Amino acid sequence: MEHNKLAFIITAYNEDQKRTLYLGTGKEKNGYVQTYNRYEEPTSYIGSNRDMDGVLVLNDRYGAMGYTQSGKNWSLVYL
C-alpha cells in the first residue's frame, strides 16, 4: 500500500523578520527543531544525530555550544 508523503517545514520569524524557529527535516533525513534568538543565533536543537540517536544541544546567546546530551543508552553498547 502506497501512502502519500507530504513534506512540511515550519519556519517562524519575529516582527523584525529574524528567524526564530525551524521545524523540519535535516540532511540525514531526520526530523529536528532548532530555535534562534532575536539575533538569529541558534540557541537550541532537538533531533537526531548521525547515528540516529536523540540529541539535545543548548547554545549560549552567541550560538556557541554550551551543553549537549545524547539519548544513546550506553549500558546497551557492551551487551
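Visitor: What makes β3 and strand β4 (residues 42-48) a pair?

Guide: In this predicted model, β3 and β4 run in the antiparallel sense and share five bridges. Two strands pair if at least two bridges are found between them, so β3 and β4 qualify. One of the contributing positions is Tyr 32, whose bridge partner in β4 is Gly 47.

Visitor: How do you know that β3 also pairs with β2?

Guide: By the count of bridges again: strand β2 (residues 19-25) and strand β3 (residues 31-36) are joined over five, in the antiparallel sense. The cut-off is at least two bridges, so β2 and β3 are a pair. Leu 21 has Thr 35 as its bridge partner in β3, and Gly 24 has Tyr 32. Tyr 32 therefore has a bridge partner in β2 as well as one in β4.

Visitor: What about β1 and β2: how many bridges join them?

Guide: Four, in the antiparallel sense. With at least two required, β1 and β2 count as paired, so the name holds here too. Tyr 13 stands opposite Arg 19 of β2.

Visitor: Why is the sheet called antiparallel, and in what order do its strands lie?

Guide: The order is β1-β2-β3-β4-β5-β6, and the pairing is antiparallel. Strands of a sheet pair through backbone hydrogen bonds, either parallel or antiparallel. The sheet is an open one of six strands.

Visitor: What makes β1 and β6 edge strands?

Guide: Each of them, β1 (10-13) and β6 (65-70), pairs on one side only. As for orientation, neighbouring strands of the sheet are turned by 5° against each other on average, with direction ignored.

Visitor: How many helices does the protein have?

Guide: Zero; six strands are found. Along the sequence the pattern reads β-β-β-β-β-β.

Visitor: Which side chains of β3 are buried, and which are not?

Guide: Tyr 32, Gln 34 and Tyr 36 point to one face and are buried. Gly 31, Val 33 and Thr 35 point to the other face and are not buried. In a regular strand the side chains alternate between the two faces of the sheet. For the protein as a whole, buried residues make up 20% of the 79 residues.

Visitor: Why is Asn 37 called buried?

Guide: The relative accessible area of Asn 37 is 16%. Buried means under 20%, so Asn 37 falls in that class. Asn 37 is in the loop between β3 and β4. Leaving aside residues up to four places away in sequence, Asn 37 touches Arg 19, Thr 43 and Arg 61.

Visitor: What makes Lys 29 exposed?

Guide: Its relative accessible area is 75%. The class starts over 50%, so Lys 29 is exposed. Lys 29 sits in the loop between β2 and β3, a hairpin with five residues between the strands, and has a positive phi near 65°. From Lys 29 to Arg 50 there are 21 residues in sequence and 9.8 Å in space, C-alpha to C-alpha.

Visitor: Why is Gln 17 exposed, but Met 52 partly exposed?

Guide: Gln 17 has 61% relative accessibility, which is over 50%, so Gln 17 counts as exposed. Met 52 has 43%, which lies between the 20% and 50% limits, so Met 52 is partly exposed. Gln 17 is in the loop between β1 and β2, and Met 52 is in the loop between β4 and β5 (54-59).

Visitor: What is noted about the phi of Gln 17 and of Met 52?

Guide: Most residues other than glycine have a negative phi, and most peptide bonds are trans. Gln 17 has a positive phi near 65°, and Met 52 has a positive phi of about 70° without being a glycine. In the hairpin of β3 and β4, Glu 40 also takes a positive phi, near 65°.

Visitor: How do the residues lining the largest pocket divide?

Guide: Into three nonpolar, four polar and three charged. Among the lining residues are Tyr 32, Tyr 45 and Val 55, as well as Lys 27, Glu 28 and Arg 50. Tyr and Val count as nonpolar, and Lys, Glu and Arg as charged, so these six fall into those two classes. The pocket holds about 200 Å³ of space.

Notes: Residues are numbered from 1 along each chain as its sequence is written. This is a predicted model: local features need pLDDT of at least 70, side-chain atom pairs count only at pLDDT 80 or more; totals for chains, interfaces and linings use all residues. Side-chain values use heavy atoms; hydrogens and water are left out. Axes are lines fitted to C-alpha atoms, for helices over the stretch in contact, and angles run from 0 to 180 degrees between N-to-C directions. On a 1 Å grid over the protein atoms alone, a cavity is a set of points where a 1.4 Å probe fits but cannot get out, and a pocket is an open set with protein on both sides within 12 Å along at least five of seven lines; lining residues have an atom within 4 Å of a point. Grid points are joined across faces, edges and corners, and a volume is the space filled by probe spheres set on the points. Buried means under 20% relative accessible area, exposed over 50%, partly exposed in between (1.4 Å probe, protein chains only). Contact means heavy atoms within 4.5 Å.
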